[in-house]
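Got the viewer open? Good: load the model, switch to cartoon view, and follow along stop by stop.

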Amino acid sequence: MSQLSAGICRRLNEAPQEEIDQLASGHTVQLLSIKKVAPTTTSTTATDRFRIIISDGVHFVQAMLATQLNDLVANGDINKNTVVIIDKLACNFVQDKRLIIILDLHVVSRNEEKIGTPTAPPSTQDAPAPAVLEATSSSVTSPATSSSTGQAKPIQPQPRTGPSGRGGRSVYPIEGLSPYQNNWTIKARVTQKSDIRTWSNQRGEGKLFNVTLMDESGEIRGTGFNAVVDELYEKFEEGKVYYISKARVNLAKKKFSNLQNDYELSLEKNTEVEECLETTSVPMMKYNFVELSSLEKLERDNTCDVIGVIKEVGPLGEITSKATNRTIPKRDLTIVDMSQYSVRLTLWGKQAEQFAADDLPVVAFKGVKVGDFGGRTLSMVSSSIMTISPDIEEAHLLRGWYDGIGTEKNFQSHTSGSSGASFGGFNRNEMRHLSDVKESQLGMSDKAEFFSTRATIMHIKSENISYPACPTQGCNKKVVDLGSGWKCEKCDKTFERPEYRYIMSMAVADWSGQAWLQGFNEAGLAVFGKTADEVHEIKERNEAEYNALMAQASGVTFNFSCRAKQDTYNDQTRVRYGISRITSLDYHEEAKHFVNLLKSPWAQ
């Protein structure tokens, strides 16, 4: 029990509001319970909320987990009896009752048993009811009823006051805003400000702009229309902090925003915006970075944050919008990270025209959209934020890695074997045996079908496992040997030597049967652990060593994500199985999966 911060739960439960900020970090507690709060709204887009009970070994109190920490629950990083250090918290009052919101924490240990015999702290103030907890954190109505009328009343959270207020003003956390509050003020940083956009339709013409606002508790989007644009647009500057009040809180239109907030602000004529010069308590930016190697786990049209080194900047191009028939400037970047993957990321409009990066900078992207044209791609959207050479730990680590050893690495792309193909990652829950794939006639329909399987390589056709390709990034077309050089018809360029790329055909088997799979460059890299250039050089130099390399690859088991599609050749139609992704077995992950199976209800 000595590892816990004795007395902190009682202090959090009894300390005056003005002293709460002094208790906001550095406390070690145990999580006695983590429960999802039942939503009081039928919205399918509502964000999950979790109520937790924290203990110092002597007393316990209830709290809410900020939504930006939901991944810790989903990934199993925190669970019952986990010991954590609270790095940041906030306190709010609901119906004269105290609500603690945990904004940040990190795990110390995972205990199997409860530490001590904690009890509720002796206080005249009861803990908020579950409905009140959920209402404050997710800003929805409470099912609590009035004793006089019997009708439901919306909860009215009270403001947070203290040192963060200025001139006695009450400052609310963004996380706690709801349509049922009045006279609130937030203190937030503008992390993104859009251009002024106009529209014209049968109902008339208009203009709008939006800003993304952030404080230590979360983010929210604010939008102003028509006359409000003239009034407020110039007042907002990206990176600056403002006190904002008298805006309307509405349900968020998820179609136009990727923020993890169920609400948004409608900026109005009487909305007050005042710059705040005391900015230390408001973070510059919050990221939840995804490694480039993990992009296939994300669904198409999801948004994510990534950080990478700009390895290549494509030329400025343009496309014609089918909807408006207008031309839109575009520029493709190739970014890489320490997972040794590369991905194409597209800039649009002014960003595409003005972007210049000759020194291969590290760039952080927030809220970019995931696409699946030819594999996995990323694209900036109106709400995305790009920061070149950000002063954050992840950027410094990536810079040091790339300058040290990254320039010598070969980077694997997410490009699939067939242009325009869509595919996902290995899905253990939908894994199919080879006999099941054939008996189900996957790929016999007009559209491609996808499946996951685990199989062992039995044989690789070694006659032609690679071809001479154009070395231009993203081209990969076969080049022709002219004697004096290798020419790419697509790029209309001649090169001293080609870059060989894998094109493989391999027989694989599991307990149920055998199938032939077709793989491309990524598959060859996974199977041989060498580039196609290296394997081609071995074949040219020593046929015996080459045959031994082929033999070593047999008998190895992989997880495969495959694409089944009909193919006609010489008037014969058959189903071809293309490898979208191939990964080695992760035995730690496999063991963890079996443990979870044993813990599942049907296994009891």
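**First stop: an enclosed strand**

Select residues 263-267, which form strand β13: five of the five are buried, so the rest of the structure largely encloses this strand. Buried here means under 20% relative accessible area, exposed means over 50%, and partly exposed is in between (1.4 Å probe, protein chains only). Helices (H or I, at least four residues) and strands (E, at least two) are DSSP runs, numbered from the N terminus.

Before moving on, some housekeeping. You are looking at a predicted model, where local features need pLDDT of at least 70 and side-chain atom pairs count only at pLDDT 80 or more, while totals for chains, interfaces and linings use all residues. Residues are numbered from 1 along each chain as its sequence is written, and side-chain values use heavy atoms, leaving out hydrogens and water.

Now show the side chains of β13. Y263, L265 and L267 point one way, E264 and S266 point the other way, and all are buried. That fits a general pattern: in a regular strand the side chains alternate between the two faces of the sheet.

Which strands pair with β13? Add residues 218-225, strand β10, which pairs with β13 in the parallel sense over three bridges. Two strands count as paired if DSSP finds at least two bridges between them. Look for G224, which stands opposite L267 of β13. Then add residues 248-251, strand β12: four bridges join β12 to β13, and the two run antiparallel. Here L251 has Y263 as its bridge partner.

**Second stop: the cores**

Next, select I460, I465, M506, V527, F528 and F560. Those are the residues with the most contacts inside the largest nonpolar core, which has 38 residues. A nonpolar core is a set of buried Ala, Val, Leu, Ile, Met, Phe, Trp, Tyr and Cys residues joined through side-chain atoms within 4.5 Å. Apart from this core lies another, of 24 residues, among them F209, I244, Y263 and L267.

Go back to I465 and show what surrounds it. Not counting residues up to four places away in sequence, I465 touches I460, R501, Y502, I503, M504, F528, V535, Y546 and M550. Touching, or contact, means heavy atoms within 4.5 Å.

**Third stop: a helix with a buried face**

Select residues 543-553, helix α11. Which of its residues are buried? They include Y546, L549, M550 and A553. Look down the axis of α11: the buried residues fall within an arc of 100 degrees, so they line one face of the helix. That arc is taken from the directions from the helix axis to the C-beta atoms. On the other side of α11, A544, A551 and Q552 are exposed.

To see what covers the buried residues of α11, add β23 (449-460), α9 (521-528) and α10 (532-541), which are included in that cover. α9 is mostly covered too, with six of its eight residues buried. Those buried in α9 are N521, E522, A523, G524, V527 and F528. After α9 comes G529, with a positive phi near 70 degrees.

Now zoom in on the ends of α11. N542 caps the N-terminal end, with a side-chain oxygen 3.0 Å from the backbone nitrogen of A544. Just after α11, G555 takes a positive phi of about 85 degrees.

**Fourth stop: two unusual loop residues**

Most residues other than glycine have a negative phi, and most peptide bonds are trans. Select N81, which is not a glycine but has a positive phi of about 75 degrees. N81 sits in the loop between α3 (70-74) and β4 (82-94), and counts as buried at 6% relative accessibility. Then jump to S389, also not a glycine, with a positive phi of about 50 degrees. S389 lies in the loop between β21 (385-388) and α7 (393-404).

**Fifth stop: a serine in a strand**

Select S505, in strand β29 (residues 504-510). S505 is buried, with a relative accessible area of 14%. Its side chain makes a polar contact (3.4 Å) with the side chain of Q518. A polar contact is a pair of N or O atoms within 3.5 Å; within protein, one must be able to donate a hydrogen and the other to accept it, and residues adjacent in sequence count only if both atoms are side-chain atoms.

**Last stop: the whole chain**

Zoom all the way out. The chain has twelve helices and 32 strands, and buried residues make up 46% of its 604 residues.
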